[in-house]
Each structure stands twice: as structure tokens, then as C-alpha cells.
Protein chains: 2
Amino acid sequence: RSAPGMISCPVCLDLYSEIVDSGRLVVSTKCGHVFCSQCLRDALRSSHTCPNCRKKLTPRQYHPLYV
Amino acid sequence: RSAPGMISCPVCLDLYSEIVDSGRLVVSTKCGHVFCSQCLRDALRSSHTCPNCRKKLTPRQYHPLYV
Ligand SMILES: [Zn+2]
Ligand SMILES: [Zn+2]
Ligand SMILES: [Zn+2]
Ligand SMILES: [Zn+2]
């Protein structure tokens, strides 16, 4: 559903517009992986690692992305 | 040149594909603003602030973005 350079969440597969229109944020981890805020929050509840690369990740190590 | 959710650099206006094809990285600051690595590096030489929102920014406060 996504092309290089297009923002989407690799967990729920929603595109940028679907993420933003539903009131979620697009967030980036410190390791550079992009998710919707809901999927990353859910993932961090069960494991303190990045869902993409599995690096250790605390709630302070990600931030909203303004694109 | 860009649409919401499409990655581009607001300084040189290059799109994601042009940035990556020329060997640059797409980077995000901690404040959530996205640039090509060349433009952000140039900007941080003259001022230690984000070119978009002017928040204080050190070289450790940005990271590559993998999209
Ligand atoms: Zn998601
Ligand atoms: Zn990661
Ligand atoms: Zn640039
Ligand atoms: Zn900024």
C-alpha cells in the first residue's frame, strides 16, 4: 500500500492520511522507524523494543513527525 | 512539489527519491522536522537550531529516517 517516501504505519498498514484523519500522530523512533502513535504505544506496552528493528526503546526515545 | 505524507526536504525542496538517489539520507530532528542530511548539516554549521522551528538542536538530536 505504500511507495518509497510515502509515510505509512508498517503495523496497521494505514497511510499517512488515514493516520492523521483519525486523530493519531505519525511518530518516529530514535532508530529511525516510523509508526502511527497507536501501534507504537500498543507495542511498547508488551515490549520495550522497536517493532521494526527490535532495538531497546523507552517512551522518551520517540517523537511525533511533522511531514 | 510535495503532498501530505510525502517526504521531501523543505530547504532544497528535493523529493525523497532525489534525496536517496543522490546518496543523501532523510533525517528527522528530535522536534520532528524532516530534512535531507546535506541541508541539515549545512544549517547546523551556521546555527545550532532547527531550520524549521528554530528549537535548539545539537548534532546528537537528529537521526536518519528509514521510510
Ligand atoms: Zn499503526
Ligand atoms: Zn527501530
Ligand atoms: Zn535538502
Ligand atoms: Zn524543528
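User: How many salt bridges does a search of the whole structure find over all chains?

Analyst: A salt bridge pairs a side-chain nitrogen of Lys or Arg with a carboxyl oxygen of Asp or Glu. In this predicted model, the search over all chains finds 4 salt bridges. One of them joins Asp14(A) and Arg24(A), with the closest N and O atoms 2.7 Å apart. Because Asp14(A) belongs to the segment before α1 of chain A and Arg24(A) to the loop between α1 and β1, the pair ties together parts 10 residues apart in sequence. Both Asp14(A) and Arg24(A) are buried.

User: Where do Arg24(B) and Asp14(B) lie, and are they buried or exposed?

Analyst: Arg24(B) forms a salt bridge with Asp14(B), again described by its closest N and O atoms, which are 2.7 Å apart. Arg24(B) is in the loop between α1 (16–21) and β1 (26–29) of chain B, and Asp14(B) is in the segment before α1. To read burial, one takes the relative accessible area and asks whether it is under 20%. Arg24(B) has a value of 19% and is therefore buried; Asp14(B), at 18%, is buried as well.

User: Which side chains of helix α2 of chain B meet in a salt bridge?

Analyst: Those of Asp42(B) and Arg45(B) meet, at 3.2 Å from N to O. They stand 3 residues apart in helix α2 (residues 37–46) of chain B, so about one helical turn separates them. Asp42(B) is partly exposed, with a relative accessible area of 34%, whereas Arg45(B) is exposed at 65%.

User: How should a zinc site be read, and what are the protein donors of the zinc ion (ligand 1)?

Analyst: The donor atoms are identified, and then the angles between them are examined. Ideal angles at a metal are 109.5 degrees for four tetrahedral donors. Here the zinc ion (ligand 1) has the SG atoms of Cys9(A), Cys12(A), Cys36(A) and Cys39(A) as protein donors, lying 2.3 Å from it. The 4 donor atoms subtend angles of 100 to 117°, which makes the arrangement tetrahedral. Along the chain, the donors follow the spacing C-x2-C-x23-C-x2-C. Distant parts of the chain are linked by Cys9(A), in the segment before α1 (16–21), and Cys36(A), in strand β2 (residues 34–36), which are 27 residues apart. Both Cys9(A) and Cys36(A) are buried.

User: Which protein donors hold the zinc ion (ligand 4)?

Analyst: The donors are Cys31(B) (SG), His33(B) (ND1), Cys50(B) (SG) and Cys53(B) (SG), at 2.1 to 2.4 Å from the zinc ion (ligand 4). Their spacing along the chain is C-x1-H-x16-C-x2-C. The 4 donor atoms subtend angles of 103 to 115°, so the arrangement is tetrahedral. Cys31(B) and His33(B) are both buried.

User: What rotation superposes chain A on chain B?

Analyst: Related copies are compared through the rotation and shift that superpose them. Chain A is superposed on chain B by a rotation of 180° with 0.0 Å of shift along its axis (RMSD 0.0 Å). That is the relation of a two-fold axis. In chain A, the C-alpha nearest the axis is that of Met6(A), 2.4 Å from it.

User: What is the area buried between chain A and chain B?

Analyst: About 1,400 Å² is buried between the two chains, and carbon and sulfur atoms give 64% of that area. Gly5(A), His63(A) and Tyr66(A) supply 33% of the area that chain A buries against chain B, more than any other three residues. In terms of contacts, 17 residues of chain A meet 17 residues of chain B. Across this interface the rule finds 0 salt bridges.

Terms used: Residues are numbered from 1 along each chain as its sequence is written. Chains are lettered from A and ligands numbered from 1 in the order in which they are written. This is a predicted model: local features need pLDDT of at least 70, side-chain atom pairs count only at pLDDT 80 or more; totals for chains, interfaces and linings use all residues. Side-chain values use heavy atoms; hydrogens and water are left out. Donors are N, O and S atoms within 2.8 Å of the metal (3.2 Å for Na, K and Ca); water is not among the atoms, so sites may look incomplete. Four donors count as tetrahedral if all angles lie between 85 and 135 degrees; four count as square planar and six as octahedral if opposite donors are over 155 degrees apart and all others between 65 and 115; anything else is irregular. Buried means under 20% relative accessible area, exposed over 50%, partly exposed in between (1.4 Å probe, protein chains only). Helices (H or I, at least four residues) and strands (E, at least two) are DSSP runs, numbered from the N terminus. Copies are superposed by least squares on the C-alpha atoms of residues with pLDDT of at least 70 in both. Contact means heavy atoms within 4.5 Å. Buried area is the accessible area (1.4 Å probe) that two parts lose on being put together, summed over both.
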